Amino acid sequence: MAGVCASFAGRFGRVEPRRTAAAFVAGLLSDIEVKTCWQLAEQAGHARPDAMQRLLYRAVWDADAVRDDLRQVIVGRFGAPDAVLVVDETGDLKKGVHSVGVQRQYTGTAGRIENAQVGVFLGYAGRDGHTLIDRRVYLPVSWTEDRGRCQGAGVPDEVGFATKSELAADMITAAVDASVPVAWAAADEAYGNSSVFRAHLRGHRLGYVLAVSRSHLVPLDGGKVKVRADRIAAELPASAWQRRSAGTGSKGPRYYDWAWLDQVTTDADPDDGGRHSLLIRRNTSTGELAFYRCWTRHPATLAQLVRVAGIRWTVEESFQAAKSQVGLDQHQVRRWDSWHRFTTLVLAALAVLAICASDAAAARDIDNSGDTGLIKLTVNEVRRLINTFIIRPISDLAHRLHWSRWRRGHQARARRSHYTRRLNLELQS
């Protein structure tokens, strides 16, 4: 934990916010149930939440610069020439209308349209592990067309509407410009269906395995005809399918049947110097199909493409760990800067868990002591051990009673204010 925090300590000009940031990350790693500024301040032994709130709102520090330092640490530990950048989004359900980017929109978190805030994230899967390295909050058109609303949430004037795939492309460009070692990109069909996004990856000479919808039109015969992906799959002979593992899951290797057509042409630039193909995955038990548009600079094997397709799920694992272990979805901030600051510190806490888990696995492999009957340390277990051996919970009874009184007093003031405002509205009407 100290090494990760030390990597960006120099981004804080004063010692107070530097210490608060370290306490903030430690609080995110702690076993407290809710990780808002109040609870993090209590865990850190503070008398009030002011320092934690100031860190997210008014303190002088650059969240993007901290993100850059954090990315360098992650790449230094997990970097590999054949690493994969994985794009995906996740939503946080919200009740109000003032949090930056919130509106009624579809989110996979709920599986339906809800009042939610959506963030697009970039994961990095390298040699020995994976974690999240970048983030962007999605601003719907209802926000970008209302500049007054944007100003109220602290959105910079130069920020306009960008699709989720454009936000993803921006993060990938930033990673490439920072010389992050990477050979591949992976994403679900929300991004794979975008020809502009695919062209963006080819422009960076990144190979990709991108999921596309079953109705996706695949160019064949030099682009003269386009055929639906599911129609292509239906006409394949039995000999076209090969059973391969897409990686190891919690219950062992994840076997699927795969078919690969490498005669696909591009729908935009036939002279991009690479090889286009269509990869089809079939569930061995249900027969459910999934489709992937692929591109490589040099000839690739089916095993390589299957590996990248399987790595896409690492971003889902990172989301689960980020939410269940370090509070990614527990922030109570409304403004643009605050969202990026909170999320950046969450990525730092998540990096601590990912690096510790990877180091423990590497030490176990070096030890080579045979089958111990134990699985490798997971990020969940790493966090429990960090709490057991490093983070000392505040045990002072007076401190706990102080925070109980403070919370009740704050809530009483908020209730009086709410009642007064409601009464004034009733009198005005």
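**Figure 1. Contacts of histidine 98 in the predicted model.** Histidine 98 touches Trp143, Ala153 and Arg334, leaving aside residues up to four places away in sequence. Histidine 98 sits in the loop that joins E1 to strand E2 (103–107). Arginine 335 is 237 residues away from histidine 98 in sequence. In space, the two C-alpha atoms are 8.5 Å apart.

**Figure 2. The second largest pocket.** The volume of this pocket is about 610 Å³. Its lining counts 23 residues. Nearest the centre lie Lys94, His331, Gln332, Val333 and Arg334. Arg334 is also one of the residues that histidine 98 touches. Helix H3 (37–44) and helix H4 (50–57) each give at least two residues to the lining. Sorted by class, the lining holds ten nonpolar, nine polar and four charged residues.

**Figure 3. The largest pocket, seen from its centre outwards.** About 1400 Å³ of space lies here. The pocket is lined by 36 residues. Closest to the centre are Gly129, His130, Thr248, Thr314 and Glu317. The lining has 14 nonpolar, 15 polar and seven charged residues.

**Figure 4. Secondary structure around the largest pocket.** Two strands and several helices are shown, each supplying at least two lining residues. The strands are E4 (130–137) and E9 (242–249). The helices are H12 (302–311), H13 (314–326), H14 (336–367) and H15 (379–389). Which helix gives the largest share of the lining? That share, seven residues, comes from H14.

**Figure 5. Helix H8, end to end.** H8 covers residues 164–177, 14 residues in total. From first C-alpha to last, the helix reaches 20 Å. That is close to the 20 Å expected at 1.5 Å a residue. Serine 179 follows H8. Its phi is positive, near 60°.

**Figure 6. The buried residues of H8 and their cover.** Which residues of H8 are buried? They are Lys164, Ser165, Leu167, Ala168, Ala169, Met171, Ile172, Thr173 and Ala175. Both helices and strands contribute to the cover over these residues. Among the helices are H5 (63–78), H9 (189–192) and H10 (195–203). Among the strands are E1 (84–93), E3 (112–125) and E4. E4 also supplies at least two residues of the lining of the largest pocket. E1 also borders the loop that holds histidine 98.

Methods
Residues numbered from 1 in each chain as written. Predicted model: local features only at pLDDT ≥ 70, side-chain atom pairs only at ≥ 80, totals over all residues. Heavy atoms only, no water. 1 Å grid on protein atoms, 1.4 Å probe; cavity = no way out; pocket = protein on both sides within 12 Å on 5 of 7 lines; lining within 4 Å. Points joined across faces, edges and corners; volume = space filled by probe spheres on them. Helix = DSSP H or I, 4+ residues; strand = E, 2+ residues; numbered from the N terminus. Nonpolar A, V, L, I, M, F, W, Y, C, P; charged D, E, K, R; others polar. Expected span 1.5 Å × (residues − 1). Buried < 20%, exposed > 50% of the residue type's maximum accessible area, 1.4 Å probe, protein only. Contact = heavy atoms within 4.5 Å.
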